[in-house]
Amino acid sequence: MYNFSEIHKQIDLTEILSNRNISEKSSHLEQINFIHQGVDIKNAERLRIELGWDIRAFSSAIRTSKSSYVRYKKELKPLNTTLSENAFEIAKVCSFCLNYFENIERFNIWLNTSSLQFDSKKPLTFIDTIAGRELIKNTVNRLKYGYNA
């Protein structure tokens, strides 16, 4: 797991997902090519473990069933394009959030706490959609600049 020090280092979970082949600073074409190749299930597992999420939470976040995700693991198959894109986007939004919360534990507490900004639901319940990830990112950005979330 990443440890944050006084000198705060920008975290990029896309590097974990891509085995350091790409980052958030990579070109859009590099990111698209990576997604089309399919995320290696081992790297998806590294991301899941780094986030501290169980298989059910992670598979739900990338919009697949737990049994399908377990099958990917068992067969060592790369994720399909849709699941790869979802995993990539989750890595990006979680990186953004971690740079505010500074550690996985604080981020996960916030992600699993009901909030008025999320219609009194947990932010984690919205991470499986593009609009939900934008809502999470925008809410964290408001927290960053002093607005209540």
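The following exchange looks at how some descriptions of this predicted model are reached.

Reader: Why are helices H3 and H5 called oblique to each other?

Author: The axes of H3 (residues 41-51) and H5 (residues 66-75) come within 9 Å and cross at roughly 125°. Angles of 65 to 115 degrees count as roughly perpendicular and those over 145 as roughly antiparallel, and the crossing of H3 and H5 fits neither range, so the two helices are oblique.

Reader: Which residues of H3 and H5 meet?

Author: From H3, Ile41, Ala44, Glu45 and Arg48 meet Tyr69, Tyr72 and Lys73 of H5, and by class this contact has four nonpolar, no polar and three charged residues.

Reader: What makes the pair of Tyr100 and Phe101 edge-to-face?

Author: Their ring centres are 4.9 Å apart and their planes stand at 80°; since planes over 60 degrees apart count as edge-to-face, the pair takes that name.

Reader: Why, then, is the pair of Phe118 and Phe126 called tilted?

Author: Here the centres are 5.6 Å apart and the planes are at 40°, which is neither under 30 degrees, as stacked would require, nor over 60, so the pair is tilted.

Reader: How do you know whether Phe118 and Phe126 are buried or partly exposed?

Author: Buried means under 20% relative accessible area, so Phe118, with 1%, is buried, whereas Phe126, with 22%, is partly exposed.

Reader: What makes Lys77 count as lying over the face of Tyr72?

Author: Lys77 is 5.2 Å from the ring centre of Tyr72 and lies over its face, and the distance limit for a charge over a ring is 6 Å.

Conventions: Residues numbered from 1 in each chain as written. Predicted model: local features only at pLDDT ≥ 70, side-chain atom pairs only at ≥ 80, totals over all residues. Heavy atoms only, no water. Axes fitted to C-alpha atoms, helices over the stretch in contact; angles between N-to-C directions. Helix = DSSP H or I, 4+ residues; strand = E, 2+ residues; numbered from the N terminus. Parallel < 35°, antiparallel > 145°, perpendicular 65-115°, else oblique. Contact = heavy atoms within 4.5 Å. Nonpolar A, V, L, I, M, F, W, Y, C, P; charged D, E, K, R; others polar. Phe/Tyr/Trp six-rings, centres within 6.5 Å; stacked < 30°, edge-to-face > 60°. Buried < 20%, exposed > 50% of the residue type's maximum accessible area, 1.4 Å probe, protein only. Lys NZ or Arg CZ within 6 Å of the ring centre and 35° of its normal.
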